[in-house]
Amino acid sequence: MPEREEPVRLAIFISGRGSNMKTLVEACLSGEIPAKPVLVLSNSYSAAGLEWATEQGLPIAAIDHRAYGDDREAFEKDIQDTLDLHNVEFIALAGFMRVLTSWFTEKWQGRMVNIHPSLLPKYPGLHTHKRAIKAGDAEAGCSVHWVTEGVDEGAVIDQEKVPVLKDDTPESLADRVLEREHLLYPRALGKAIEDFLAREG
Ligand code: GRF
């Protein structure tokens, strides 16, 4: 089977500062990940990461979920139209704070990953660092997983661990975990894309 020459066309979804998005873009540009970032998409016009992406000359899109009220599928259909315009093949969720419906997750099954700031299956959902400290955990960390319909429930691709220190606050623990997120996400996305390419071929 001939090797595919074109990099995988990647969209990165963000909602805020976009530090993970930045590490993924840099890993694609350095050749660490066999993908090309073709779109940075946000559900918020004010996401700081959009500014950085624009400065890099990357195509961006902002689709404000609030305009759709309760109609999550209408929001996702407009996202899908935007992905189609850019011929996106693979999605990395990087701090994207909207829960996606099964309409969207089924369409992207095996082609969409997420980073979550806990050692899944522990602490899916929000406030992960506060919950780890409250439970008296000795370790915390982050996970990259395949996205399925259940929030933060898809198979884990890879994880990084950090110690929880005696005086940690949710903020100090979040900072320690975020440093590891930036190591983990490029490595795990690389693995996920290799897996996708093996299946596709
Ligand atoms: C990260 O902690 C990520 O794990 C979580 O949201 C945060 C996003 O941070 N899902 P950033 O926007 O990538 O800086």
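Start by selecting helix α1, residues 19-29, and look at what its buried residues pack against: β1 (8-14), β2, α2 (48-55), β4 (90-93), β5 (112-116) and α6 (170-200). Packing here rests on contacts, meaning heavy atoms within 4.5 Å. Helices (H or I, at least four residues) and strands (E, at least two) are DSSP runs, numbered from the N terminus.

Before you click on, a word about the model. It is a predicted one, where local features need pLDDT of at least 70 and side-chain atom pairs count only at pLDDT 80 or more, while totals for chains, interfaces and linings use all residues. Residues are numbered from 1 along each chain as its sequence is written, and side-chain values use heavy atoms, with hydrogens and water left out.

**Stop 1: inside α1**

Now color the buried residues of α1: Ser19, Asn20, Met21, Thr23, Leu24, Val25, Ala27 and Cys28. Buried means under 20% relative accessible area, exposed over 50%, and partly exposed in between (1.4 Å probe, protein chains only). Eight of the 11 residues of α1 are buried, so this helix is largely enclosed by the rest of the structure.

**Stop 2: the two cysteines**

Stay on Cys28, which is buried with a relative accessible area of 7%. Then select Cys142, also a buried residue, at 0%. Why is there no bond between Cys28 and Cys142? The sulfur of Cys28 is 18 Å from the closest cysteine sulfur, that of Cys142, which is too far for a bond. A disulfide is a pair of cysteine sulfur atoms within 2.5 Å, and the structure holds zero of them.

**Stop 3: leaving α1**

Step just past the end of α1 to Gly31, which takes a positive phi of about 90°. Glu32 comes up in the loop between α1 and β2 (35-42). Is Glu32 buried, partly exposed or exposed? At 48% relative accessibility, Glu32 counts as partly exposed. Leaving aside residues up to four places away in sequence, Glu32 touches Ala27, Pro186 and Arg187. Try a distance too: from Glu32 to Ile12 is 16 Å, C-alpha to C-alpha, with their places 20 residues apart in sequence.

**Stop 4: backbone details in other loops**

Select Asn87, in the loop between α3 (72-85) and β4. Asn87 has a positive phi of about 50°, although it is not a glycine.

Next, go to the loop between β5 and α5 (128-134), where you will find Pro121. The peptide bond from Leu120 to Pro121 is cis, with omega near 15°. The loop between β5 and α5 also holds His127. Phi of His127 is near 55°, a positive value in a residue other than glycine. With a relative accessible area of 58%, His127 is exposed.

**Stop 5: zoom out**

Show the whole protein as a cartoon and look for six helices and seven strands. Following the chain from the N terminus, the elements run β-α-β-α-β-α-β-α-β-α-β-β-α. The C-alpha trace spans about 50 × 45 × 35 Å along its principal axes. Of the 201 residues, 49% are buried. Among contacts between residues at least 6 apart in sequence, 64% join residues at least 24 apart.
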